[in-house]
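Here are some notes for a colleague who is meeting this structure for the first time. They begin with one pair of charged residues and then widen to the chain as a whole.

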Amino acid sequence: MTNSIQKDVNIKVVLAWLFNLGIPLLIYLYPVNDVFTVQIKMYLVVTLFFIFALIFNNLNITLIGILMPVCYVVLGVTKASVAFQSFSNHVIWLVLASFMLSDMMVKVGIAKRLVYKCMILTGGSYRGILFGVTLAAIVLTLVIPGKVHFLLAPLCYSLIQTLNMGKSSEAAGIMLTSAFACSSAGLFMYGSNIVMMEELCSSIFPYSLPWLDYIIKNIPTIVFTILIVFLFSILFKPQNKIQGKEFFVEEYKKLGKFNREEIITVGICLLLVFSLLTSSWHGIQIGWCFVLCASIFFLPGIQIGTEDDLKKINYGFVIFLAACFTIGNVAADLNIGQILCDILMPYLTNKSAAFVLMTMWVIGVILNVFMTPNAIIASMTLPFATVALNLGINPEAVYFIMLSSYDQLFFPYESGVYLIHFGFGVMTMKHFMKGMYLKIALTFVFLIVALIPFWKLIGFLYL
């Protein structure tokens, strides 16, 4: 039996590597011409090799982050100044600072206190729990965007265990709501992905939204999020009435009074929120605000963070994220965005903005089955934004449509947020499909009949 399993694994590994090497090799053998130059050919060879290595888990993401820019330089695709330009991007440092900040919030216990308080405020009924989870995810996204699921998923699992739900429909509802809220909060609030897109396209559209505008331009999305959570409370409604408020009250009492570290942490978070709200006034890029605020934890006299805490940070992911930026930087240097734009333009010319944006959304949904969100952002943002500019559509609208597209899942593996929640084993694939497929259908309708018309109404859709 063991030998059979080992043989199956070996076959999968071999097939994965054959695909990983075969596609780039076919591109390498394709003859060059005036458009398909040597540099573009080698760019595709390097990029696809590492994207497939990521998809099939053939290489560690840290190694991918290290090797990709080096290969661009060594193989003559671009100069080192372009390949390593991403390390001067404030978003890279924002992610690093987010790791620091979230670790400190968990360490001092303020994150758990915040989650319990949200649950108490929303009543503790099953519907209240779902809205409490959503509220906690939104509030936490203000200060630790992109990492909320690492905190919220285990807390939801603890709640499910305490209420003896086991693997059930109501347990699935809590976990799916948590995953949905963690992911969807980034659709209408500041997040590193939207800033990453803005930076990738800065060479053709050097503008970015003020922090507060992320929310204002996506007010319908907030309403839609509330609607989905309400529908989940019906779709996964438990047979017996649940009262979980007592659990949260007791857990909150166990935390005791605010201590020195918690008070300092609250002060730092408030300072960060203030700096984000006033970013259009002081002009400091958001990433640098995160770094400055997160570093306060480690200053003499405060010393909530230690040297050991800094050693635990996932620097490998930061290096990998920089490599994702490099894909876009090199593509811009080679003018690939304009080339892909020329290919797509005949199919999208004279079409409505809604048709163009929904075409991009469908492409994003399909690509998400095979590629990671970071890979989609790195490879498709610039071409899509270039098409939008040529058609007079605001690229910022494209960014939000892309964010929505890779939030639509057919399988849990498509998103780390959902995969972590699914991995706790309290929901079946049937539960997942019931919730997610409903969300995909409703999102498609919502974009066409609500969000895109809203953008047109407020003058955001067109340049």
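1. A good place to begin is the pair E261 and R260, which form a salt bridge in which the closest N and O atoms are 3.5 Å apart. Please keep in mind while reading that the model is predicted, and that this distance, like the other values below, is computed from it.

2. Are these two partners buried, partly exposed or exposed? E261 has a relative accessibility of 30% and therefore counts as partly exposed, and R260, at 40% relative accessibility, counts as partly exposed too. The class follows because partly exposed covers the range between the buried limit of under 20% and the exposed limit of over 50%.

3. As background to such pairs, side chains of opposite charge can pair when their charged atoms come close. In this model the count comes to 7 salt bridges, and two others, besides the one with which these notes began, are taken up in the next points.

4. One of them joins D213 to K217, where 3.2 Å separates the closest N and O atoms. The lysine of this bridge, K217, has a relative accessibility of 14%, so K217 counts as buried.

5. Another salt bridge links E307 with K311, the closest N and O atoms being 3.7 Å apart. Both residues belong to helix α17, which runs over residues 307-311, and they lie 4 residues apart, about one turn of the helix. E307 is exposed, and K311 is exposed as well.

6. Turning to charge over the whole protein chain, there are 26 positive and 20 negative side chains, and a distance of 9 Å lies between the centres of the two sets.

7. What secondary structure does the protein chain contain? The assignment gives 24 helices and 0 strands. The radius of gyration is 23 Å, close to the 23 Å that the globule rule gives for 463 residues, so the protein chain is as compact as a globular protein of that length. Taken along the principal axes, its C-alpha atoms fill a box of roughly 70 × 60 × 55 Å.

8. The remaining points concern packing and surface. Of the 463 residues in the protein chain, 52% are buried. When contacts between residues at least 6 apart in sequence are considered, 79% of them join residues at least 24 apart. The accessible surface of the protein chain comes to about 20600 Å², and carbon and sulfur atoms account for 67% of that surface.

Key
Residues numbered from 1 in each chain as written. Predicted model: local features only at pLDDT ≥ 70, side-chain atom pairs only at ≥ 80, totals over all residues. Heavy atoms only, no water. Helix = DSSP H or I, 4+ residues; strand = E, 2+ residues; numbered from the N terminus. Rg over C-alpha atoms; globule rule 2.2 N^0.38 Å. Buried < 20%, exposed > 50% of the residue type's maximum accessible area, 1.4 Å probe, protein only. Contact = heavy atoms within 4.5 Å. Areas by Shrake-Rupley, 256 points an atom, 1.4 Å probe, with all protein chains shown as cover. Lys, Arg positive; Asp, Glu negative; His and termini not counted. Charge placed at Lys NZ, Arg CZ, Asp CG, Glu CD. Salt bridge = Lys/Arg side-chain N within 4 Å of Asp/Glu carboxyl O.
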